[in-house]
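Here are a few exercises to work through with the model open beside you. Try each task before reading its solution.

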Amino acid sequence: MATTEAAAVLPTLDRLGVETVPSDVDAPKVAALWLDSLAQQVDTNNIDGILSHFTDDAWWRDMLALTWEFRTFHGAANIRKLLTDRLASAKLSSFKLASAKFESPYPDLAWILGQFTFDSDIGLCSGIFRLIPTADGKWTGFTFYTNLEDLKGFEEKIGPRRNFLPNHGKWKDEREREKLFLDKDPTVLIVGGGQSGLDVAARLKLLDIPALIIEKNARIGDQWRFRYQALCLHDPVWYDHMPHMPFPPSWPVYTPAHKLAGWLEYYAEAMELNIWTSSTVIKAEQDANNEWNVTVEKADGSTRVFHVKHLVFAIGLGGNNPNIPEFPGREEYQGQVLHSIFHNSAKDHIGKKVLVVGACTSAHDICADYVEHGVDVTMYQRDTTYIMSTKEGMPRVFGHLWWEGAYGPDEADRVDASLPIWLNEQLHKRITLEIAEADKKTLDGLKKVGFKLNYGHEGSGFLSLTRRRGGGYYLDVGASQLVIDGKIKLKNDSRIKRYTKTGFEFEDGSTFDADVILFATGFASPITTIERICGADVAARIKPIWGLSEEGELRTAWRDSGVPNFWFMMGNLAWCRFHSKHLALRE
């Protein structure tokens, strides 16, 4: 069922009836007066008074602070219901402005961005608001974001709360004993030791919640170490830092996969995470108390059953289950068929003719590697693809938040989250047009050779595709020019009908011969893995995974999964960094 999207409209000056806004407005003063006035209404639980501080079409986004969930409320009626249901019991207090500044991302958009802290009955919280100008020269609330930072009395053990005691000669033995869980079970068991599993384990460690990662590979980082050799992150370094341990300042902007693999291994060691490698979760059963009996098999065949309160699956959006489309005649084809997850290097196919099925990131990376090694390669495009060059796109998409000289990653995460996703995508429609204009030569060249393009969901760029399908784009680092130049050949004029002895037959009757057919077609669903480990009943109760809810929140990841004490930890490095804290606070 398609999600009904909110009617998100940017607060343009024309729409607000405002001709100009002086850029020298005293933002801290305006923000302080507004927040102080709002806090007075909060103190007396005056819902009408609170609503008077906002426009009728204002937005309130909450992450655990009031709702113990991720919720977005749009419009006065929905915000009123939030406040009616939660304001009195949440007992919000101690509002304090931290900073405020005037922002004008476009000539027709202007607001004051204010950051603040406050307390709830159970937690220490942060918040961010945007004030927009009114026709009568005042400022009023348009977006309001509330975020739970820590539970009172259970703050992360960092900074002044770190261990101050010296440890002479005992640390190594203590660490070994801690990792083995010889005389106790962990509170949380995490399936998967990629960045998502490591992030949530690090958060739990600092909250003093015993956690154990079960990783099937021999070493942390192997899921990156053994992907295709040409793999490199296309997100910039400032976006990809991990919790409490940022990359060194000399780190390259775009991280090679093998370099990231080493960093993950180092991170796990430095953060003292408890991990069993070469181990597999073979069964997980939930008891009457909604706790879990989890059977783990080690490399030597021995097993151990853990009794844990929480079970976290950190196995990626596709559960590491390759998606290989099925076509009739597979048994007839005499060449090699493989998925990109099993591909190593173009060197493996020198002298061969290769057809790569797919036209997004992995397909482009792999095709470019084939060209570099002199392999005859053709890309088969099944659907339209969003193309954006990293050179032109990344500074425009991330430059105001995650970039050299911008915010630190933690502050950037919160500023980004403070703009509800539906509004964020309206803003990104403008950014996407700017990028397309900057990339015009490349995009025109692709159109000329018949490459089929899109511009993201309703023209809102690659992040909109990430939120809905976890892919569907290529962030160009050079492969697009190879397509334009014909070095990567292109076929997209007909659907695949069946395998032949030497390749594929297409619905228009054409055929294509290839020694190797490589599917760069992404991954299937993690439900396959969940059903195998937890059983069909648990798998059937899982809520839809990924995509956006009607409120514009990502579904199920880091949130209630539909099964008590069962959690998903997934997403890119940035989302895992930020939301690992939210997930840890729920456990």
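**Exercise 1.** Work out whether Phe-54 is buried or exposed, then do likewise for its ring partner.

Step 1: Phe-54 has 6% relative accessibility, so it counts as buried; the cut-offs are under 20% relative accessible area for buried, over 50% for exposed and partly exposed in between, using a 1.4 Å probe and protein chains only. This is a predicted model, where local features need pLDDT of at least 70, side-chain atom pairs count only at pLDDT 80 or more, and totals for chains, interfaces and linings use all residues. Residues are numbered from 1 along each chain as its sequence is written, and side-chain values use heavy atoms, with hydrogens and water left out.

Step 2: Trp-60 comes out at 4%, so that residue is buried too.

Step 3: Now the rings. Phe, Tyr and Trp rings (for Trp, the six-membered one) pair if their centres lie within 6.5 Å; planes under 30 degrees apart are stacked, over 60 edge-to-face, and the rest tilted. The count by this rule is 33 aromatic pairs. Phe-54 and Trp-60 have ring centres 6.3 Å apart and planes at 35 degrees, so they make a tilted pair.

Step 4: Zoom out, and ring pairs link both residues into a cluster whose members include Trp-34, Phe-95 and Phe-116.

**Exercise 2.** Find where Lys-581 and Asp-150 sit, and say what their salt bridge ties together.

Step 1: Check the contact. A salt bridge needs a side-chain nitrogen of Lys or Arg within 4 Å of a carboxyl oxygen of Asp or Glu. Lys-581 and Asp-150 make one at 3.5 Å, N to O.

Step 2: Lys-581 is in helix 18 (residues 573-585) and Asp-150 in strand 6 (residues 139-151), so the bridge ties together parts 431 residues apart in sequence. Helices (H or I, at least four residues) and strands (E, at least two) are DSSP runs, numbered from the N terminus.

Step 3: Both Lys-581 and Asp-150 are buried.

**Exercise 3.** Look at Glu-178 and Arg-175: which helix holds them, and how many residues apart are they?

Step 1: Both belong to helix 5 (residues 171-180), three residues apart, or about one turn of the helix.

Step 2: Their side chains meet in a salt bridge of 2.7 Å, N to O.

Step 3: Glu-178, at 30% relative accessibility, is partly exposed, whereas Arg-175, at 7%, is buried.
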